[in-house]
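Q: I'm new to this one. Can you walk me through it?
A: Sure. Here it is.

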Amino acid sequence: MGKSLGLVTTADVEDATPAANAVHTLNRNAGTGICDQYLDESDAAGTGRFGTGLTVLMGGGRRWFLPAGKFGSSRTAATDYSALPPDLLNGWNLPSSAAGAADPNRYLLKDFTDAGFAYVSSAAALRDLMERGTPSKLLGLFAYGNMNVALDKIAKRRGQTSPATGGLVVDDYHAPDQPMLDEMTEAALRVLNQNNRGFVLMVEGAHIDKQSHTMDADRVIGEMIEFDNAVAVARRFADQVGDTLVLVLADHECSGFSLIGALVNPPGSTGNVIDNLKTQPSDATVLDPATQPYRQKAVGVYEAAGFPRYRLLPDGYPENFDIEGKLLVGFGANADRYEGWLTKPLPVIDSLLPTEIKGELQSKGYPAEPISRGAGAADPYGDARGFFIRGQAAGRTQAVHTAADIVLSAYSAGGTSSQLFGGVQENTEIFFKLVRAAFGAY
Ligand SMILES: [Zn+2]
């Protein structure tokens, strides 16, 4: 249809959701090949004979764009894809240049810029570029692996160091200046809107899922705020331009995330519940059912929960997640962990990172998985001092996806295509409804 494609994510761009929207692969972990295919399958030369029309690609994942051997590169022959067989090349009408090759030494970043993509690697560079004008194609790689979560990016913008390390998480991740999802969305829409035949833009708040796997409630909530801001950008665009459908949905639920109550000082105890939690002795070894620990009594339920009052700073995020009346989250599909109710000073080491950065984080005391939180001196609030929760059938290392229903919100400006998406529906119907919406068949 001649439309442009944009992919914006807070994940490494090799991750499943962006990859499924633009390339063909049977292995979600084949990052070298996936990122090669972003370019090779895009029809960068504009022949119109094939291709995804990829025009905007933003997120993390710089490690796949640097030749093997360079700092932060994850390119290998094992994660590449070898040449497509001739029947597929013919069937998809692909030129031989899109056939692919096992080439871990490819300098993919250079190939993208040679193909006309403007490249930026920081939030400041993105702002700068967009102030100078609107590029015809845009590549933004703001981290080596997954980008950092809103909570840690905002901490950097505010200059709030982590009480665990005295440093800033984004600096430890070698990604000191990352844009927020709404800032990326704003730039993507400007670039894509230059095509008068229209576009498809996929925007992913990837860490809503990833931080649910690690049962890090505060980092999930920060991520929801960041995603909500991106939805606002899309809705404003739809209202201004018209003829636009905005769909907001998830591919699945993760962790059985539910609100169970709010943090209150138990009746009979004095002082402030946050200060009390910071000085509570460990519950880790108290497994006597007759002994109810303070941390459990600090969960106010029903009318005792009251109403949380977070103070928002001008950046739109809470000044502090640890407040009296803090919303408390339970995980129905949980893994083994300790619960201390306080903001975790460090994220669990991200799985999608170059090996050298993973090693650095490990040596700085970042936890390798939820159960190892607080095991070292780097976690002063000692999540491990909270009470131990044994994961159910879900296992030891991380919470899992559930079969719970998810919410889909649809909004259209200048048309009624959003009405296609009403009611209870199976997830696979969404694809066909998108096709109908694109063809105006509704
Ligand atoms: Zn997941």
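A: Start with a term: two strands pair if DSSP finds at least two bridges between them. Keep in mind that this is a predicted model.

Q: OK, what is the bridge partner of Gly 6 in β5?
A: Gly 6 has Leu 201 as its bridge partner there. β1 and strand β5 (residues 199-204) pair in the parallel sense, over six bridges.

Q: And which way do β1 and β2 run, parallel or antiparallel?
A: Parallel. Five bridges join β1 to strand β2, residues 54-60. One of the partners is Leu 54 in β2, which is bridged to Leu 5.

Q: How many residues of β1 are buried?
A: Nine of its nine, so the strand is mostly covered by the under-20% relative accessible area cut-off.

Q: Switching to helices. Which residues of α6 are buried?
A: In helix α6 (residues 150-158) they are Ala 150, Leu 151, Asp 152, Lys 153, Ile 154 and Ala 155.

Q: What covers them?
A: The cover includes β1 (4-12), α7 (169-172), α8 (181-192) and α10 (217-241).

Q: What follows α6?
A: Gly 159. Its phi is positive, near 70 degrees.

Q: Now the metal. What coordinates the zinc ion?
A: Asp 209 is listed twice, each time through an OD atom. His 213 and His 401 each give NE2. The distances are 2.0 to 2.3 Å.

Q: Why is the arrangement called irregular?
A: Because the four donor atoms subtend angles of 58 to 152 degrees around the zinc ion. For comparison, tetrahedral would need all angles between 85 and 135 degrees.

Q: What spacing do the donors follow along the chain?
A: The spacing is D-x3-H-x187-H. Asp 209 lies in helix α9 (residues 207-213) and His 401 in strand β13 (residues 401-402), so the pair ties together parts that are 192 residues apart in sequence. His 401 is partly exposed, at 39% relative accessible area.

Q: Back to sheets. What order do β8, β9 and β10 take?
A: The order is β9-β8-β10, in an open sheet with antiparallel pairing. β9 (299-300) and β10 (327-331) stand at the edges, each with a single partner strand, so one side of each has no neighbour in the sheet.

Q: How many bridges join β8 to β9?
A: Two, with β8 spanning residues 257-263. Leu 263 has Val 299 in β9 as its bridge partner.

Q: How many aromatic pairs are there?
A: Nine, from a search of the whole structure. Among them is Phe 257 with Phe 331, an edge-to-face pair. Their centres lie 5.8 Å apart, with 75 degrees between the planes. Phe 257 is in strand β8 and Phe 331 in strand β10, 74 residues apart.

Q: Are those two buried or exposed?
A: Phe 257 is partly exposed, at 27% relative accessible area. Phe 331 counts as buried at 7%.

Q: What about Trp 341 and Phe 387?
A: Their ring centres are 6.1 Å apart and the planes are at 75 degrees, so that pair is edge-to-face. Trp 341 lies in the loop between β11 (337-339) and α13 (355-363), and Phe 387 in strand β12 (residues 387-389), so the pair ties together parts 46 residues apart in sequence. Both Trp 341 and Phe 387 are buried.

Q: Which residues do ring pairs link into a cluster?
A: Phe 65, Phe 112 and Phe 117.

Q: Last one. Where does the charged end of Arg 235 sit?
A: Over the ring of Tyr 411, 3.9 Å from its centre. Arg 62 lies over the face of Tyr 144, at 4.8 Å from the ring centre.

Technical notes. Residues numbered from 1 in each chain as written. Predicted model: local features only at pLDDT ≥ 70, side-chain atom pairs only at ≥ 80, totals over all residues. Heavy atoms only, no water. Helix = DSSP H or I, 4+ residues; strand = E, 2+ residues; numbered from the N terminus. Phe/Tyr/Trp six-rings, centres within 6.5 Å; stacked < 30°, edge-to-face > 60°. Buried < 20%, exposed > 50% of the residue type's maximum accessible area, 1.4 Å probe, protein only. Lys NZ or Arg CZ within 6 Å of the ring centre and 35° of its normal. Donors = N, O, S within 2.8 Å, 3.2 Å for Na, K, Ca; no water. Tetrahedral: all angles 85-135°; square planar, octahedral: opposite > 155°, others 65-115°. Contact = heavy atoms within 4.5 Å.
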